[in-house]
Structures are given as C-alpha cells and as structure tokens.
Amino acid sequence: MELTKNRYLKIMALGVAGGSMYLIPFIRYVFYDWQIESMQISNAQLGFLTTVYAIANAFLYIPAGILADKFSTKKLMVFSLTGVSILTWLFAFNSGSYGFALFIWVMFALVGVLPFWCALFKTIRLVAGEKDQGFLFGLYYMCNGLTGAIANAVGLKLAGMADSVDKKFFIAVVVYGFATALGALLILLLIKNNKPARAKGAPPVEDPDAFKISQLGELVRMPVVWVFSIVVFTGYAIYSSSPYFTPYLTDVVGISPEDSGVLSIIRTYIFYILAPVSGMIADKIFKSTSKWFIFLYLILTALFLGVLAIPSSASVTFVSFYTLLPGLFGLALYGIIFSIANEAKIPVALMGTAVGVASLIGYSPDFFMATMFGSWLDKFGSSGYNYIFIFLGINCFVGFLASVFIRLRTKKVNVEES
C-alpha cells in the first residue's frame, strides 16, 4: 500500500469537509429532542424537513455529477462549504420560524449538494488512485466520522452550559457552522485543482479522459449502476435510521436526552473509525465488497428484528449496548459503499456522474422515511418503534438480495473474461 503523507493529509481534509457538510441538514441525528422543543414542531414536521431536502437533492444529483466532471472539484467544494457555513449561521438566528427552516433546508441542498456531493467522491477517487479502494474510502469515512463526533461533542459540551433549550440548540447550530468553515479552509490549503487553468493565449487541448454529455446514456445502460443504487438505498436507510434510537432510548428505555445523545454520537460517528478496517476486510479477506456486504446485511437483518424480542425486563445497560450494534455493522457497510465503483470498472471520467445517478436512487429514503417514521411515532407513540424496526429489517434483507445479485454477476463476468 503506497500511501504518501500528502495523500493522508488530502484524505483528512476531504474527511473533515464531508463530515462537516451534512451535520446541519441532519442535526436531528444528535439533537432530535432539542430541535423539536426549540422549534416547537412535531415529529412529522421534523421529518418533513428531511423530505424537502431530499426532494430538492433529487433534482440536483445528476447535474452535480456533470459539474464535478466538467469543472475544478476543489473550487466547487470550497464554494459549497463556505456557502453552507453562512446558511447555517442564518438559521441559528431564525430557527423559530418553521417556514424559514423549510427555505434554508432547500438552500442546503442547492449550495451543499449541487457543487459538493459528486465533486467530493470524484476527488476521493482521484486522490486514492486505483489500488486499495475499500481501505481508502474507509479511511475517508473514518475522518468523516471523527469530524462529526468532535463537532457534536463540542456542540453538546458548550450547549450543556446554557440554561434553556433554545440557547442549547442555538449553540449547537453555531458550532456546526464553524465546522464547515474549517472544512473549506482545509480544502483550500491541501487539495489541488484537478482542472488547472489554461495559460493565457495557449490553445485548448483535448483531454481524452474528459467527460462528454453523450456518455450519460452509456452510463445509465450499465446494469451494475442500478443494482448498486439499490445497495446504496438500503445501506443509507440503515445509516439514516440511527437517530430513531435516540428518542427510542429516552421514550421507551428511559435514559436522559444527554446520555442518549452521547450514544448517538458513538453510533453515528465514532464507529466510522472502524471504516478502514471494514475496507481491509473487503479487500484482503473477502476480496470482494459484495461478498462482505452479503455477510453484513444478514447480521443487520437479525439485529433490527431482534429489537422486537428484547424483553421489557432487560436492563438499561443491555438495551443501550444493543442499540450500538446496528450502528457498528451499519457503518462497516455504509463506510465503504462507494468503493464498489472501482470493482464495477466505472471510468474515472464518469465517476462524478455515476455517483449522481446512484445517489438519485440511493438517497431516496430521505424522500419519505423520516416523515413516515415521524408519523408512526405521532400516531402510535412508543409502539411506532416496532413498525420502524420491522421496516428496517425488511430493508436489510433487500440489500442482501441486491448484494447477492452483484456477486453472481461479478463471478459471471470474471468467468467470461478468463
């Protein structure tokens, strides 16, 4: 594994950028109870913020991929991170208006996804090269998770000093704004332009690897792109379900919001530390990301359905520990989910657009899942968690089937090429 110090620094910068960028649109992951109380909204309204954000993203993923393949990914990311910092601070001073929040969540998509999302993953692949993709994507997600953990720990610590929920939530939002500003600074200092400016007066040079709009049709006809989108869908559904263990522990188990927030940080961010290990397992032991996913999806299916079998007499410590396990195995999966692009032989010139196509389907759980889960909790109370965990168990089994399909297809292609 030939990794230079410079590559490590670049991966670190990208990890801070990616880890800070999506803290604020998903602030409910850690500050669920504070956000509802401070904004004076229902579970369904909180979920609808995510739905609005996801709908806006749906129109932006493919254009984001084209932007990433046509322009400097460094410039796109710096612009995006700076813009989201400004939007975050604006929201901090106007969080009492739900209408303003809806507007800001749409702007988070426009500024934080269109110039950033696909540019980020294309840059990771350019920095990583073609070897050890699983490990390097895992290393990125480790830095991503550490950034989220540190930002949330600082937010919790500082917010804990405030004497009202409104002030606590305000402080948490302000901290998030500084996190994205730091990401912008690191990208500016450590990442090079992948499309350097042409010297004045110099004739244009045709780049044989440059993206062409006509290649979009070629990409969408690749079956592996669509099946992989299903894997991203199910993997992201697992990851984005983690905030519901936070109110589950407070509503059903009875622990404090602060203690549940700490567990959420571990479940949602700290476990990213193990992402490089997951990548090494895929690369070195299973020698296939899809084989490793088959194993992980089976475990996760059992874990989510297993929550239903926990007896009411179970200790708080046991239940708290159990809720960490879906986060552990879910992040082992989600932390390397995009590394399969190299295994699928998707050309680097099409990487940005490929991520856009996969994201359009893969991140569609945000269209409906948060709103659906919130409505179940509003309608059924604590019993709503049973519906949530059954849904997630079925989701994991679908991911298992999709991974089996990819594995069988890969074996068939290898036989045909041998």
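**Entry 1: threonine 51**

I began with threonine 51 in this predicted model. I asked whether this residue is buried or exposed. Its relative accessibility is 6%, so I recorded threonine 51 as buried, the cut-off for that word being under 20%. I then looked up its place in the chain and found threonine 51 in helix H3, which covers residues 43-58. Next I asked which residues threonine 51 touches, not counting those up to four places away in sequence. I listed Asp366, Phe367, Phe368 and Thr371.

**Entry 2: salt bridges**

I turned to charged pairs. Side chains of opposite charge can pair when their charged atoms come close. How many salt bridges does a search of the whole structure find? I noted two.

One joins the side chains of aspartate 69 and lysine 122, with 2.8 Å from N to O. I checked where the two partners sit: aspartate 69 belongs to helix H4 (residues 61-70), and lysine 122 belongs to helix H7 (residues 117-128). They are 53 residues apart, and I noted that the pair links distant parts of the chain. I looked up the accessibility of each partner. Aspartate 69 has 2% relative accessibility and therefore counts as buried. Lysine 122 is buried as well, because its relative accessible area is 6%.

Another salt bridge joins the side chains of aspartate 163 and lysine 167, at 3.4 Å from N to O. Here I recorded aspartate 163 as exposed, because its relative accessibility is 65%, over the 50% cut-off. Lysine 167 has a relative accessible area of 46%, so I entered this residue as partly exposed.

**Entry 3: cavities**

I next searched for enclosed space. How many cavities of 30 Å³ or more does the whole structure hold? The search finds five. I chose the largest cavity for closer reading and wrote down its volume as about 320 Å³.

I asked which residues lie nearest the centre of the largest cavity. They are Tyr22, Phe26, Trp117, Tyr239 and Tyr334, from a lining of 23 residues. I then noted the elements that give two or more residues to this lining: helix H1 (5-21), H3, H7, helix H8 (133-159) and helix H11 (223-240). Two of these names were already in my notes: H3 holds threonine 51, and H7 holds lysine 122.

Finally, I sorted the lining of the largest cavity by residue class. I counted 18 nonpolar residues, four polar and one charged.

Notes
Residues numbered from 1 in each chain as written. Predicted model: local features only at pLDDT ≥ 70, side-chain atom pairs only at ≥ 80, totals over all residues. Heavy atoms only, no water. Helix = DSSP H or I, 4+ residues; strand = E, 2+ residues; numbered from the N terminus. Buried < 20%, exposed > 50% of the residue type's maximum accessible area, 1.4 Å probe, protein only. Contact = heavy atoms within 4.5 Å. Salt bridge = Lys/Arg side-chain N within 4 Å of Asp/Glu carboxyl O. 1 Å grid on protein atoms, 1.4 Å probe; cavity = no way out; pocket = protein on both sides within 12 Å on 5 of 7 lines; lining within 4 Å. Points joined across faces, edges and corners; volume = space filled by probe spheres on them. Nonpolar A, V, L, I, M, F, W, Y, C, P; charged D, E, K, R; others polar.
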